Each structure stands twice: as C-alpha cells, then as structure tokens.
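Visitor: Please take one part of this model and go through it closely, strand by strand and helix by helix. After that, set it beside whatever else in the model helps a beginner to read it.

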Amino acid sequence: MERVKGRSGMGAAGRGWNQLPERARTLIPATILILLAVLYPWYHENWLAEFTNVPVIINFPSVSTAVIVIVFVIMAVGLNIVVGYAGLLDLGYVAFYAVGAYTAGWLASGHFQQVSFHFGSAGISRDLNGIHVNVWIVLLAAGLLTALAGIIIGLPTLRLRGDYLAIVTLGFGEIVPVFVRNGDNLGGFNLTAGTFGINPIDSPGFGEGLNGAWGGLPVNFQQSFIREKLFFYAALALLLITLFCSVRLRESRLGRAWIAIREDETAAAAMGIPLMRTKTWAYALGAFFGGIAGAYYASFKSGAFPSEFYFNISVFLLCMVVLGGMGSVWGVVTAGSILAWLNVEGLANIGTYLKRQTPLDFEVAKYQFGIYGVIIVLMMLFRPTGLIPERRRKLEMEEGVQDESVYGASR
Amino acid sequence: MSEQTPPPERAAESPAPQPETQAPPQQQRANGGRDGVILEVTDIHTYYGSIHALKGISLQVREGEIVTLIGANGAGKSTTLRSINGLNNPRKGRIVFQGKDITNDPAHSIVKMGISQSPEGRRLFPHMSVLENLEMGAFQRTDRQNFKEDLDRVYALFPRLAERKTQRAGTLSGGEQQMVAMGRALMARPKLVMLDEPSMGLAPIFVERIFEIVKEINQQGTPILLVEQNAMMALDVAHRGYVMETGHIALTDDAKALAKNEQVQKAYLGMD
Amino acid sequence: MNVFFIGLTNGAVYGLVALGYTLVYGILQLINFAHGDVFALSGLVAFSVLSGKFLGITSDDSMVIIIGALLLCLILTMPLFAVGNALIELVAYRRLRTAPRLAPLITAVGVSFIVQNVGLAVYDVEFYGATELLPRSNAIEIGSFAYQWNKLIVLLIVVPLLVSLTWFVRSTRQGKAMRATAQDKDASAMMGINVNRTISVTFALAGALAAAAGLLFLLQFNMRYDTGFQLGLFAFTAAVLGGIGNLSGAVLGATIIGLIEAFNEGLRWGHPLDGAWFFPDVGAPSDWTRAVIFGILIAILVFRPEGLLGERTAEGT
C-alpha cells in the first residue's frame, strides 16, 4: 500500500513521507479519501458546485450517480478477489449481480403475492402481501446466497484449467439472465416475473422503533426527503466494509494461498495448499460482495430487471480490474470509480462536449464497450500491471511465470 | 519476446574476456573456417526474464570434434544451447557459425544454416509417428532426393526405429524416444549437432549405447556439441570439454585432462 | 425430417466457426473470444459486397449469376478476413506469447469488443440479411424428403472447404508445420519451422473460414454487429464438444449443436405430443436454447473436458 504514494515521493517531502511508519502512510491517505467521500454530498448542496464547472465533464457526478459508481466499485473489488488475488478469470460475474438483485426481489418485495411475511421490515405497511424482510438482513442474505451460488458454480468447474474456467463462468453468466428472463413460468410458478422484472423492491431503513430511540435515524430511505444522501452514505459504508475485508483477506493466510495458486498452481499444491477449497473460497467471497452490491443496487432502484444482466457488464467489471491493476485494491477502486462514472454519465457528457465544441460527430456513449475493449487491450499489452500495480503482481508480469522462451512453453 | 533485446553489441570488436573465464587455448578472433573453427561463441550474456542466466560464456567447436559442456543442474548448459539455436537470443556477445554472425537470428533460420539439436527431454511430437517425426527433422531441407538416403542412414544407426516407424512417438519407451530425437536431429543433415542430455533418464544399458552412437555420428564427420550431466561418460567420448558453473565457464581443457583434473573429479565425477 | 436438415445446415455454419476456435486453440491454447465477432463482421461485409453499391445482386437475377456472385464474394472476403485475423494475432496476441495465460485471454475479450464496435461503427444497429437471395424452392425432393436451395448451397460450399482444409493440414508442408507447432513450439523451432509465421497462417485460415461462415449465415438469417457473440459461443461449445484442437471433432460437435438447437426449437416442450412427460411446461423452448447449449458446454467441460474425439491427457485437454 505504501507504493500508492511512496514511489512517487517528490524531493524532501517524499523523503519525509517515506520515513513515516507504514501504518501511517496507509492511514493518512485513506482517512483523507474517506473524509472527502463523506463530504461529497455536501459539495453538491453548496456554492462549490457552481464554481467547479469542469471543462468536458461539466460537473462532478450527482449524488445519485455516485451511489451507482460505488455499487460498481464494490462489485469490481469483489471480482478483484477472484481475478486479481486468485488469478481465476471469471467472465460471468454478472450472474452474481443478478442473483443478489433477485434475492432482494424475492425477500423484500410484494412479488410473492400468495404469502404475507414480514420480518423487521422498515416502513412497509403490514397489510401488504409478499415477503418483506428487513433490507439490511436481505443484503446479508443476498451475499450468502450469492456465495452459495458461487460455490455451486465453482465446485464442478474450478478443477478446470484457467481458460476453460473462463468460458464456463461465461456460460453461467449467460444462463442466469436467460433463466431470469424466462423464469416467469417454471411449470406454472412465477419465480422471476420474466421480462417485467420485480418491482418495487423495499428500501433499507431503520423502522419506527430505532427512529424513536436514536432520534433521527430514518425510517425508510426511499420515503425520506434526503433519499439520495442516505443511499450514498449507506453505500459508502458498504464499500468501506468491502475494502476492509478485501485488504484483510489479502494479508490473511487464505490470501497468501490465493497468491501462491495464482503464481504456480502445481507448486502451491505441493506445499500442501488445498487447491479446490482455496479457489472455492475465492469464488465464494468474490461472489459474496457481488451479491451484496446487486441487492443494494436493486433496493436503490427499487427493482430488478433482466435487461440489466448481460455479458457486457461482466466485461465492464473486468475492465475495471485490469485497468486498476489485478490484485491492487486501490487501483481497482480508482479505475472502478472512473469507469463507472464514465458509464453512467461521463461518456455522454464527453460526447455532448465533442459535438458542441468540435466538428466531430461522434457518439462516444454508443461505443462505450469498444472503448473498454481498447482499454483492456492497451493495458494488457503495455501496462499489464494496471495503473496502480500490486507489487507482487508486477514482478510476475514483468518476469513471466514460466520458463521463458521466444515461443512460450507449449507443454 | 517480453523484453526488448538491445541491438547486438559486437563483442568481437572489443574482446573483453571475463576474468573468471579461461580463454580457450585457441585464438580468440572469430574467423569461420580458419583453424577448422565452425562455431565460435564469444562472451554471451543471456537472460530469463530478469534472471541473468549466462554471464559471459565463450566456447568453440571445431570441425570433426566432440565438445562437451558439463556442469551441475542449473549451471546454464541448456541455456547456452538455447542461445546458440536462437530460442533465447543473448543480449550481449556474439555467436558466429561458419563465419556468419547468427547471434540474433531466429531459430528456424539457424536450423537452415546447419545447426540441429536433440533437445533436453527429447521433445518429440507425441501425436506423430516415428517416421513423421523424422520427416519433421528434415523440414528445412529442399533436397527431397537425399531424404531417403538420410533416412536409411538414421535407420542404420538406430535399427529399432525402422521397426517402429509407424508407431506413435508418444508411446515409445524413453530410450527409443531418445533415438528418435537424435535421428530427427540428423535428418536435417546438419553441419553441427547439439545433443542436450541424451542420457537423461535412461537405463544404464541404453546410456552406453547412446554414447556409442554419439561417437559413431561424429566419426561419420559431424561435429557435436554435447551437454551432459553424466560427466564421466561425456568426457570419455569427447575431445574437449568445458565445465560450467552458475553461468560461467569455470574450466576448459582436453577431455582427457579434464577427466583427470582433481576439481572436476571431486565435483562431477564423484571421486574422492 | 425437415428439422433435421435445418440442424445440419446450421451445424455446417457453426462448424466453420468452430474450426477457427479449434485451430487457434490447438496452436496457442488461447480461446480467441474475438473469433465470433470476426465472423459477424465478415457477414456484414459480405452483405455490402452482394448488395446495391457493389454487385447489386437481387433474387431476380438468374441462379448462375447469383452463385457466381456468391463465389466472387467468397474470393473477396476470405482473403480479407484471413489477413485481418492474422493482423489481430500480430498486434494483440503476439507480444503476450510468454505472458501469464490470463493475459492473452483477457486481451481476446478486449479484441472481441473492438471488432464488434467496428461493426457497430460501420453498420450501426441495423439487421442485415440476404435470406431472400436464394430461392426456397426444393432442390432435391424425394417423397417427404425435401431439401431447399438455400440450404443446399451451404453444404455445397462447406464440404469443399472442409476437404481442402483437411488436405492442407494433412499433406502440405505448412500444414505439417501447423501440426508440429501445435504439439511443441520450441521443438518445432528446432526443426527449422518458422513458428511465428505458422501461427499467422493458422489465424489466417481461421479468419478465412469465418468469412465463409459469415456469408452462409447471411443467406439464412438476419445478422448485425453483435450476432457473433452468441454464435461464437455456440461454435466454441461445438469445438469443446468435439474435443478442442481436433478438427474433425469441431465439425462433429457443430453438427450435434446444430441438431440440438433445431430439435429444441422444433419441439414444443410441455406439449402432450412432444414430451410433456419429460419436459416441464416452461414456456417456448426457443427461449431456453441458449441455456440448453451452455448447459451442455458446462456439462462437457466438467465431465469430459477432452470432448468426444479428444484424447485424455495429463492436462485434461
């Protein structure tokens, strides 16, 4: 982590910085970043926003855009566990996103009209039919269910070699949306509401009880006047938890086992690392965060729609990981924020700008995935370690992991 | 090619022998053909990624010679061969074959020039038959009429291969595979053969046979660069030898003299 | 019976694409994700060649002219996409030959999107097709057995292509170099094979086959810039089903996939006559074709990764 700043150390200031204990060098920038993030909605409410009329991008993203950005960053950090830490290429991460979103749809909406089940739901009338579980619990449930899905997908497939794994995950990433789209008539049972999707989905909140107890905790985010801010802070909290887990995981025994597998599977097995179990953990934990993010996003938009879950999302997330640097948490957060913002409004803004300011008539947003493709290829060719490389990964990429020859080992 | 190879530095223009390298007794200048020198390697440095595998290797092979390269595992013997055959071009130094600089030539054109190799671990094409493997050895040749002649020569050297010519190479025994690998190298009608660990993993009886064949190939007129861990056998058949240690040439001498050298005996021949 | 021929025809198109996957995988152990998109782009280019501005062929022209135009189109697009595919390898994959395996795989995903967006930029989101070009009249008719012209043309083009491909790989010098390179690159180089050129040739072959498939697909269905993604996955499934790296396996696998697709869509699940005893009533089967085919892909990879005709090796490929 010290390399975030440590390497770029400029002159005397840099030297002073390098003398700080490692813990401080991590904590200081992290604290500054968190503070900036916490203050972000405040920026939008004030005169500051008027003066930051940035060329090309016009304005910093709105708070509601920021929520979407954070959700995607959480997913990218989750995918980074699978791709970056363990070196398993997952091209179907969107499946986990879908499972998370639909779990929220099942457990916190009026979708199952045939039953009426309420469990700690906040701000939802008791008279409404359907399953209404408290959304905080739903998030956890979605994470766990998605992790379970990850294990189910992983157990049979993780024995396969890397590239086969990629295609199998891609297959799952395709099956899940097909299932979701057509799951409105499974032998007469409506599980997924087909192309209509499930909505509305309940929103998180603290209910009447806590509202009274702590004087001010919102009953229900969706019904609040400061809805976006509430969703933003909750998302930020989720992101921080995810980041904390992700960093701790990397430094853990399990994290070292992942890296060992990534660098040399055979050697790792010879050292007594249980390959299957270790890889399955990577898969399950990566899926866990994808599920939470999916459920939270569904709750934010108050709906889960099948049209959102397509292959391009998986590649979009992969692009974040590649651009940031596989395995590098901070890199993925940076790249994820930039790309997610570009996706939501940045590219459209740039397109408008180009149209207005230049004779170019080029719809940037239309070619967004082409642009991601170019980013992926350029990064892999010229900077495979990403913008902010993880130190260990850097060594691997530069030296190659195999006995090097002109043509590569083909055995 | 993950790293950019810098332009070749003409080491021959400023010959700076490594201090720990004992210069070969012969002259230093690269002059193909003169004094019968067919291959002249001068102070090459080769890398695996960022690992500096060869730190200034110089050696020579002359017409009609068997030259052996001995040394412990990881000393850089195979890397030396890979530098010569173009699979791992050196970053520094010079390799001259028959008076022509081949330092940075690609592998396939080096084969065409007349250096063929039986690689370590045999590396046959497992899904091809014995005959097809031998045909692959003659891939670069255009003189189809001599093909049959060379095939007969290989079958004469290894009668076992004639019996097994339709069998798939992957199903042969280790000794037979080694014969195919050597036969395949000869099918290129090479001007220099490099044999990498031909005795590795073979039963003792096969080992003896392989070394007899090495001698026989040489007596038919082909110079041989022989890499071996079995130093005793290698020094027995070779004319001259080089002893490698972690990327350097530690010693070089007449094979007979090396076999008697105390250091060599201690380190590689297991004698006290 | 008709369902059977629809399956066979689709299978033939999948086969050409599957061969591209299998050739490249065989030589580089790389799943070339971009291959499906190269196929789709070639189909769109074929449309440009056949349609108004260039050849201006319509279904009113005589059969001879139409077939001549189709052949001319192949003569143009096959070399074009051969070169294009070889260039993709040169630019995007060659530098990564010694990188960790993940790197070229990820790059291939990126290239896939780039090629797709080239199609998007030139052809926009419209669908194109030349399904009316060939008459749907029966070319062969024996009793209830009927085979239409627009299906027959597929076999008329695919079969000679397969024969020449087999001849090329089995009997030519370059073909032998390909087989050797697929087995062991270093050893091939030691035999004097120009490994880089051999890999380029392989990509060129794959590109040419994809271009042929693109034209044939265009004659059967409408397509647009992103058609290649799903079709590519089906073709890849076919290649894996047959045993990836194995040429006849790819063709066999493609035929099976084509038949499965045709039968799945031809059947009415949940219909009392067509197997309600087995399939639950889950809506129209065509909605599930993708899931069925990917299910097959996953099942093969899990239970028999070497495929139908592949060989079991230590690596499991």
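**The sheet of chain B and its surroundings**

Guide: In chain B, six strands make up an open sheet; their order is β6-β7-β8-β3-β9-β10, and the pairing is mixed. Everything said here refers to a predicted model. At the edges of the sheet stand β6 (115-118) and β10 (248-254) of chain B, each of which pairs on one side only. Direction ignored, neighbouring strands of this sheet are turned by 20 degrees against each other on average.

Inside that order, take the pair β3 and β8. Strand β3 (residues 66-71) of chain B pairs with strand β8 (residues 224-228) of chain B in the parallel sense, over five bridges. To find the register by eye, start at B:Val67, whose bridge partner in β8(B) is B:Leu225.

Which helices go with the sheet? Helix α7 (residues 204-219) of chain B packs on it and touches β3, β7 and β8 of chain B. The direction of α7(B) makes about 165 degrees with that of β8(B). Helix α1 (residues 77-84) of chain B lies across β3, β6, β7 (192-196), β8 and β9 (240-245) of chain B. Measured against β7(B) in direction, α1(B) runs at about 150 degrees.

Chain B also touches chain C. How many residues does each chain bring to this contact? There are 18 from chain B and 15 from chain C. On the side of chain B, the elements giving two or more residues are α2 (107-113) and α3 (130-137) of chain B. The most comes from α2(B), with four residues. Sorted by class, the residues on this side of chain B are nine nonpolar, seven polar and two charged. For the complex, the predictor gives an ipTM of 0.87 and a pTM of 0.86.

Chain A has an open sheet too, which can be read in the manner just used. This sheet has three strands in the order β1-β3-β2, and its pairing is mixed. Its edge strands are β1 (108-109) and β2 (116-119) of chain A, each pairing on one side only. Strand β3 (residues 130-133) of chain A pairs with β1(A) in the antiparallel sense, over two bridges. Here A:Ala108 stands opposite A:His132 in β3(A).

In chain C, look at helices packed on helices. Helix α2 (residues 35-50) of chain C packs with helix α8 (residues 195-220) of chain C at an angle of about 55 degrees, and the axes are 7 Å apart. Because of that angle, α2(C) counts as oblique to α8(C). The crossing of these helices, α2(C) and α8(C), is right-handed. Among the residues making the contact are C:Phe39, C:Gly43 and C:Phe47 of α2(C), and C:Gly207, C:Ala211 and C:Leu218 of α8(C). Twelve nonpolar, five polar and no charged residues form the contact of α2(C) with α8(C).

A second pair in chain C is helix α1 (residues 2-28) and helix α9 (residues 227-242), whose axes come within 8 Å and cross at roughly 70 degrees. That angle is why α1(C) is called roughly perpendicular to α9(C). The crossing of α1(C) with α9(C) is right-handed. On the α1(C) side the residues that meet α9(C) include C:Tyr14, C:Ala18 and C:Tyr21, while those of α9(C) include C:Leu231, C:Phe234 and C:Ala238. By class, this contact of α1(C) with α9(C) has ten nonpolar, three polar and no charged residues.

How far can the chains be trusted in detail? Chain C averages a pLDDT of 86, and 90% of the residues score at least 70. Among the elements of chain C, α8(C) has the highest mean pLDDT (96), and strand β1 (residues 138-142) of chain C the lowest (73). Over residues 269-280 of chain C, pLDDT stays under 50, and the model has 16 contacts beyond four places in sequence for them. Residues 312-317 of chain C also stay under 50, with nine such contacts beyond four places in sequence. Chain A averages a pLDDT of 81, with 85% of the residues at 70 or more. Its residues 1-10 stay under 50 and have 17 contacts beyond four places in sequence. Where pLDDT is low, the predicted coordinates should not be read in detail.

Methods: Residues are numbered from 1 along each chain as its sequence is written. Chains are lettered from A and ligands numbered from 1 in the order in which they are written. This is a predicted model: local features need pLDDT of at least 70, side-chain atom pairs count only at pLDDT 80 or more; totals for chains, interfaces and linings use all residues. Axes are lines fitted to C-alpha atoms, for helices over the stretch in contact, and angles run from 0 to 180 degrees between N-to-C directions. Angles under 35 degrees count as roughly parallel, over 145 as roughly antiparallel, 65 to 115 as roughly perpendicular and the rest as oblique. A crossing is left-handed if the near helix is turned anticlockwise from the far one by less than a right angle, and right-handed if clockwise. Two residues are in contact if their C-beta atoms, placed from the backbone, lie within 7 Å. Ala, Val, Leu, Ile, Met, Phe, Trp, Tyr, Cys and Pro count as nonpolar, Asp, Glu, Lys and Arg as charged, and the others, Gly among them, as polar. pLDDT is the predictor's confidence in each residue, from 0 to 100. Two strands pair if DSSP finds at least two bridges between them.
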